[in-house]
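Me: I am new to this structure and should like to understand why its parts are described as they are. Please set each value against the definition of the term.

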Amino acid sequence: MEHHDVIIIGAGLSGIGTACHLTRECPGHSYLILERREAIGGTWDLFRYPGIRSDSDMFSFGYAFRPWHALQTLADGPAIRQYIADTAREHEILPHIRFGQETQQADWDSTAQRWTVTTRDSRAQIRQVTCRFLISCTGYYDHKQGYLPDFPGVERFRGRCIHPQQWPEDLDYQGKRVVVIGSGATAVTLVPAMADAVAHITMLQRSPSYIMSVPAYDSLTGVLSKLLPKSWAYRLARRRNIAIQRWIYRAAKRWPEQTRKLLLRGVSKQLDDQSLMPHFTPSYMPWDQRLCAVPDGDLFNAINSGKASVVTDQIAEFTEHGIRLASGQELAADIVITATGLQLQVLGGTQLTLDGVPCKVNERMTYKGVLMEGVPNMAWIFGYTNAPWTLKADIAARYVCRLLNHLNATGLAEVRPRDRAGNALSESMMGALQSGYVQRADAVLPRQGAALPWRLLNAYEQDAPMLLDEPIEDAILEFTPYSPNRQAPYRGVSKAPA
């Protein structure tokens, strides 16, 4: 059976980044990336709806080892997809990727001290490959389907009803009446992106979100890049933006009322019609749910122009020609876009077993947000939910590289974190967010811990030294030597021993 030192599941932003770190920091390790799709990019290859873009600034969303190369603050999907592809090409990652392989199961064999990973391709062919260390880079949502509430009467609707996660290439919305259900990042992206082409577009929301306008281009970095080497200017922009983002988040938690007033004042300045403010005034405090960012206030510009509108109400039922609201109003529509959120899923749907026994991820905590409690030789790269994803993904991957190098330097075979103090809490690791998709996924996510290193911090300034500077060995990590019948660590692709 084919064997590698490391198997990475997923060739998206996290998977490619992790592979780059392995190439740079663990050059002696062989690795294989298993990717269910036929292209790299993950989220940025899957989502193809109009206007798809990042909701974090690109200087901090890009990899630390390869700074973002343009002045666009919130980059579009194709630009991000190209950035990931170029990064993979520069680091010679492409030969290590096996496309069209959906991971079905990963089983740890205690006797052989290795993982056996089972995949299924588009022709239903089953394959297996083994590895010493397994890394999941699959994100946290189901790529096959998004979340879709049960809308009464939707079968009566004569128009097209579309979820952004399955955007049809043949959709013609020119001159059509469109209703976008939702108020999150996808909805606030779709509305201005489609406004010029449609007859009218309405954002129908159950409740408002906080929306913050940010500059579309970083003019300061543009000036600095003419005075300094571009790499210096971009790294300065990255440090600045990380600091600003962390300040906003900490301010929201420490001074919620003041932060709320500041955000709402920003919206008020963007709207011509102040009577619309209730549609942009959430009932919760900032960062109880994620903030939405719009470049140069494009959403507000579309509303001010009359091409777009926003309605806050409950859906009573779908009709043949649109949506009837709880208030009695009916919204006429030719196309309804259900930007109703994600369906969360851990490990990309991979069934995790230990010696054939199912491992219940939702009953375990994470160690430093990277390793799984009681699970040997496995890491998952899980980015931030309150900051650019890649900030955490980068330092988590670097920590895994430190751990792999430590195992090799000490001649040890296994590592697993053990909770000996009963730290597990009932809330999930994402419990701090009140977003609907997080609450729906409480039953599948790992648990939050009462104390470090079992507690997820979501704080870059604390996570970075914990993952990059603290000693690898501590009182929680349990290391195991190779079994007597095992040989030294593998190097390169090989046949696994019988």
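Reply: N377 lies in the loop between β20 (371–372) and β21 (378–380). Helices (H or I, at least four residues) and strands (E, at least two) are DSSP runs, numbered from the N terminus. This is a predicted model, in which local features need pLDDT of at least 70 and side-chain atom pairs count only at pLDDT 80 or more, while totals for chains, interfaces and linings use all residues. Residues are numbered from 1 along each chain as its sequence is written, and side-chain values use heavy atoms, with hydrogens and water left out.

Me: Why is N377 called buried?

Reply: Buried means under 20% relative accessible area, exposed over 50%, and partly exposed in between (1.4 Å probe, protein chains only). N377 has a relative accessible area of 0%, and therefore counts as buried.

Me: What is notable about the phi of N377?

Reply: Most residues other than glycine have a negative phi, and most peptide bonds are trans. N377 is not a glycine, yet its phi is positive, at about 50°. L347, also a residue other than glycine, has a positive phi near 60°. L347 is placed in the loop between β16 (335–338) and β17 (351–354), and its relative accessibility of 3% is why it counts as buried.

Me: What makes the peptide bond from L452 to P453 cis?

Reply: Its omega is near 0°. P453 belongs to the loop between β24 (447–449) and α12.

Me: Why does N423 count as buried, and which residues does it touch?

Reply: The relative accessibility of N423 is 13%, so it counts as buried. N423 is in the loop between β22 (412–417) and β23 (424–428). Contact means heavy atoms within 4.5 Å; leaving aside residues up to four places away in sequence, N423 touches M365, Q448, G449, A450, A451 and W454.

Me: Why is T18 of helix α1 described as buried or exposed?

Reply: T18 counts as buried because its relative accessibility is 2%. The helix that holds T18, α1, spans residues 13–25. Apart from residues up to four places away in sequence, T18 touches I8, I135, C137, I381 and A397.

Me: What are the domains of this protein?

Reply: The assignment gives domain 1 (3–143 + 344–481) and domain 2 (148–340); such bounds come from an automatic or database domain assignment. The domain centres, taken over C-alpha atoms, are 29 Å apart.

Me: How do you know that domain 1 and domain 2 touch, and how much area do they bury?

Reply: In domain 1, 44 residues are in contact with 36 residues of domain 2. Between them the two domains bury about 3300 Å², with 52% of it on carbon and sulfur atoms. Buried area is the accessible area (1.4 Å probe) that two parts lose on being put together, summed over both.

Me: Why is the pair D55 and R290 called a salt bridge?

Reply: A salt bridge is a side-chain nitrogen of Lys or Arg within 4 Å of a carboxyl oxygen of Asp or Glu. The closest N and O atoms of D55 and R290 are 3.1 Å apart, so the pair meets this rule. Across the interface of domain 1 and domain 2 the rule finds 3 salt bridges. On the side of domain 1 that touches domain 2, the elements giving two or more residues are α3 (58–61), α10 (389–410), α11 (436–440) and α12 (460–468).

Me: Which residues of α12 are buried, and what covers them?

Reply: D463, A464, M466 and L467 are the buried residues of α12, and their cover includes α10.
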